[in-house]
Amino acid sequence: MNRPSALKTSVVVVSKDRPENLRNLLQSLVLQTLMPDEVLVVDNNSSKIYGPVFQEFQDQLPLKTVVETIPGIPAARNRGIRESCGDIIIFTDDDCIADERWVEEMVKPFYKNPYIGIVGGEILSGEKAGSLVEEFCISETLMRMGRREEKE
């Protein structure tokens, strides 16, 4: 995808005490087919050291970091919104791995339709498929869907 020049993209990541998870996510962002204009990591007042992770990626990503001392994801995401430079802000968690086309696919709708305000995407578990938890969640969802259809 050729980058249209009109919209800047920021990836905002909230992290607390999981530098190894963050390292894996940042590595997946290095491999994107469309590099974001900014990767903003909001450290939610961690007790673990992130410096080596940030240093590892400072030359590979347009990385910016801030610390939010108010605990919780809402405060940290709001800080990310305030600190980001992007017209499009893409959120992900520090324990995710982004598909190589993730950024590219997330911004496409904004260029196709100027009335788009928010976009979501599919989230796939990295856990072994077919686990008992996964099977329970699928069956519970299907049962609830069936109950709704019966009531209508």
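## Helices, cores and loops in a predicted model

In this predicted model, helix H4 covers residues 102-112, and its buried residues are Trp102, Val103, Glu104, Met106, Val107 and Phe110. The cover over these buried residues includes strand E1 (9-15), helix H1 (19-30) and strand E4 (88-93).

**The chain as a whole**

H4 is part of a chain with five helices and four strands. Read from the N terminus, the order of the elements is β-α-β-α-β-α-β-α-α. The chain has 152 residues, and 34% of them are buried. Among contacts with a separation of 6 or more, 76% join residues 24 or more positions apart. The accessible surface is about 10000 Å², and carbon and sulfur atoms account for 53% of that surface.

**Helix H1**

Helix H1 has twelve residues. From the first C-alpha to the last, H1 reaches 16 Å, close to the 16 Å expected at 1.5 Å a residue. Its buried residues are Pro19, Leu22, Arg23, Leu25, Leu26, Ser28, Leu29 and Val30. They pack against E1, E2, H2, strand E3 (63-67), E4 and H4.

Three residues of H1 can be followed in more detail. Leucine 26, leaving aside neighbours within four places in sequence, is in contact with Val39, Val41, Val53, Phe57, Leu61 and Leu63. Serine 28 also belongs to H1. Why does serine 28 count as buried? Its relative accessible area is 5%, and the cut-off for buried is under 20%. With neighbours within four places in sequence again left aside, serine 28 is in contact with Ile97 and Ala98. Asparagine 24 lies in H1 as well, but asparagine 24 is partly exposed, with a relative accessible area of 43%. Its C-alpha atom is separated by 7.8 Å from that of aspartate 95, and the two residues are 71 residues apart along the chain.

**Nonpolar cores**

In soluble globular proteins, nonpolar side chains tend to be buried together. In this model the largest nonpolar core has 23 residues. Which of them touch the most other members? They are Val11, Leu22, Leu26, Leu29, Leu61, Ile90 and Trp102. At least two residues of this core come from each of E1, H1, strand E2 (38-43), helix H2 (51-57), E4 and H4. There is also a second, separate core of six residues, among them Val14, Leu40, Val66 and Ala76.

**Tyrosine 50 and its surroundings**

The structure holds one aromatic pair. The pair consists of tyrosine 50 and phenylalanine 54; the ring centres are 5.7 Å apart and the planes are at 20 degrees, so the pair is stacked. The cut-off for stacked is planes under 30 degrees apart. Both partners are buried: tyrosine 50 has a relative accessible area of 3%, and phenylalanine 54 is at 15% relative accessibility.

Tyrosine 50 lies in the loop between E2 and H2. Not counting residues up to four places away in sequence, tyrosine 50 touches Ser15, Lys16, Asp17, Arg18, Pro19, Leu22 and Asp43. For one of these, proline 19, the C-alpha atom is separated by 5.7 Å from that of tyrosine 50. Proline 19 and tyrosine 50 are 31 residues apart along the chain.

**Two loop residues with positive phi**

Aspartate 17, one of the residues that tyrosine 50 touches, is in the loop between E1 and H1. Aspartate 17 is not a glycine, yet its phi is positive, at about 60 degrees. Asparagine 45 is found in the loop between E2 and H2. Asparagine 45 also has a positive phi of about 60 degrees although it is not a glycine.

**Cysteines and partly exposed residues**

A disulfide is a covalent bond between the sulfur atoms of two cysteines. How many disulfides does a search of the whole structure find? The search finds zero. Cysteine 85 and cysteine 96 appear in the table below, with other residues that count as partly exposed.

| Residue | Relative accessibility | Class |
|---|---|---|
| Aspartate 17 | 22% | partly exposed |
| Asparagine 24 | 43% | partly exposed |
| Asparagine 45 | 40% | partly exposed |
| Cysteine 85 | 42% | partly exposed |
| Cysteine 96 | 25% | partly exposed |

Note on methods. Residues are numbered from 1 along each chain as its sequence is written. This is a predicted model: local features need pLDDT of at least 70, side-chain atom pairs count only at pLDDT 80 or more; totals for chains, interfaces and linings use all residues. Side-chain values use heavy atoms; hydrogens and water are left out. Buried means under 20% relative accessible area, exposed over 50%, partly exposed in between (1.4 Å probe, protein chains only). Contact means heavy atoms within 4.5 Å. Accessible areas come from the Shrake-Rupley method with a 1.4 Å probe; for residues, only the protein chains shown count as cover. Rings of Phe, Tyr and Trp (its six-membered ring) pair if their centres lie within 6.5 Å; planes under 30 degrees apart count as stacked, over 60 as edge-to-face and the rest as tilted. A nonpolar core is a set of buried Ala, Val, Leu, Ile, Met, Phe, Trp, Tyr and Cys residues joined through side-chain atoms within 4.5 Å. A disulfide is a pair of cysteine sulfur atoms within 2.5 Å. The expected span of a helix is 1.5 Å times one less than its number of residues.
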